Amino acid sequence: MSVAATTSPAVGTLYVSPSPRSRGMPRVTMALRSNVVSVGSILTKLQQDCATPLPIIRDVADSMTADMRAGLAVDGGSNLKMILSYVDSLPSGNEKGLFYALDLGGTNFRALRVQLGGKEERVVATEFEQLSIPQELMFGTSEELFDFIASTLAGFAEKESEKFHLPHGRQREIGFTFSFPVKQTSIDAGILMKWTKGFAVSGTAGRDVVACLNEAMERQGVDMRVSALVNDTVGTLAGARYWDDDVMVAVILGTGTNACYVERTDCIPKLQGPKSSSGRTIINTEWGAFSDGIPLTVFDRDMDAASINPGEQIFEKTISGMYLGEIARRALVTMAGEGSLFGRAVPNKLSTPFALRTPDICAMQQDNSDDLQAVGSILHNVAGVESSLSSRKIVIEVCDAIVKRGGRLAGAGIVGILQKMEEDSKGTIFNKRTVVAMDGGLYEHYPQYRSYLQDAVTELLGSEISKNIVIEHSKDGSGIGAALLAATNSKYDHDF
């Protein structure tokens, strides 16, 4: 009997075709190890480990609330730092003048200027310049990083157009958005606790980051002054509140993630000394460090173990843009190696850490074509993968499981913050319009992620209460917000 063997990609079975002489004889079928069963079992396990049914996200929300209280009671009381921002008054709309903002929030660095015209004119003019942080500076020295920032600022200031006016005799003032964990000691000073988001700059931890910038500006001959040190989330809240008095929470979902909210000073046991005259302040939660009750996969654990901060920033590693693509890549590498998802070999490019980025998996999930051609192109261009339609469908399932978990966990975190505020304010959060200002490329550009986040909020709060909670995109709010806070904290006399 001559043997002509073919492997069906659908069932992974070897068919032995009969020779002409054996026509009429029963066809022999020999079962091989099924690729699809192997890949299918890996996918099923991934989906099970990523599952976020209502009891799990409710537990996450409740744990977030409990951790917030513990972090407000005493420094080091929980994984959440619950950092005092020293922002005691929010923009009113009356701010006037020219103010600058610097935004170091992740892989991009931005300089911005804004001319404010008060209640009537609001934002008269803005200009900004954005640069990527060179990879070597993310692992370089403090001096190198801050010199780069100061020199960029110097070049930007030189291009100030006639639309911007600084009163004679005044120094330009800056709101410095610095989106890493800082122990703030005043509105214009703060000690870096540690780098996150893939940064590992030497010589900065334990130092005042405003002093680092001031020294660099002096070296570069830049005549400016930092009047407000602001976390990007705090800046987003301030920027959104400028336009809408109902904004009470701000969340960043981009390369990294964080959240802040307006807190009553009498609910902060660790706050010593005189309280703010407003009776309120903004608390920077640093929620990326949260870890209680988060469902993890083997791929999360492997990625965490290989990271520069193993065991830390677990919430950030499951919900933020820096990591979602990498979790998917690790799952696909396992499927390729153990289940021959893309043929007999694992492509070298796919084996490269962080080769598959979150924008790639987002783009693949937007492909609604019958043959998933865009998915195939992205896999080929980014990961060096030749794919069949069936393997492309599996790739989409992998992406969706990871993104669904991320979005729903982020939604649970938001509810945890709102719950805490509601418990202390006795009905002033859930019974009226309350706005959560959102910023960051992940939230802005990933529709499935946005949808899963909103679904989780609605499930947890119920349809009636969730109608009062408005989750609103506040694009580039942190930059304008930092400039506004520079205005409200100006060293010059003002009547804002």
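Here is a short walk through this predicted model, from the whole chain down to a few residues.

**Stop 1: the whole chain.** Show the protein chain as a cartoon and turn it around. You should find 16 helices and 16 strands to click through. Switch to the C-alpha trace, and its span along the principal axes is about 100 × 50 × 40 Å. Of the 496 residues, 56% count as buried. If you draw contacts between residues at least 6 apart in sequence, 69% of them join residues at least 24 apart.

**Stop 2: the surface.** Now turn on the surface for the protein chain. About 20,600 Å² is exposed, and carbon and sulfur atoms supply 51% of that. Next, colour by charge: there are 48 positive and 59 negative charges, and the mean positions of the two sets sit 6 Å apart.

**Stop 3: two domains.** Go back to the cartoon and make two selections. For domain 1, take 40-47, 54-83 and 244-476 together; for domain 2, take 86-230. Give each its own colour. Their C-alpha centres lie 27 Å apart.

**Stop 4: where the domains meet.** Zoom in on the contact between the two colours. Domain 1 brings 18 residues to it and domain 2 brings 17. The area buried between domain 1 and domain 2 comes to about 1,400 Å², with carbon and sulfur atoms giving 56% of it.

**Stop 5: three isoleucines.** Which residues of domain 1 lose the most area to domain 2? Select I83, I282 and I308 and show them as sticks: those are the ones, and together they make up 27% of what the domain 1 side buries.

Terms used:
Residues numbered from 1 in each chain as written. Predicted model: local features only at pLDDT ≥ 70, side-chain atom pairs only at ≥ 80, totals over all residues. Heavy atoms only, no water. Helix = DSSP H or I, 4+ residues; strand = E, 2+ residues; numbered from the N terminus. Buried < 20%, exposed > 50% of the residue type's maximum accessible area, 1.4 Å probe, protein only. Contact = heavy atoms within 4.5 Å. Areas by Shrake-Rupley, 256 points an atom, 1.4 Å probe, with all protein chains shown as cover. Lys, Arg positive; Asp, Glu negative; His and termini not counted. Charge placed at Lys NZ, Arg CZ, Asp CG, Glu CD. Domains from an automatic or database assignment. Buried area = accessible area lost by both parts, 1.4 Å probe.
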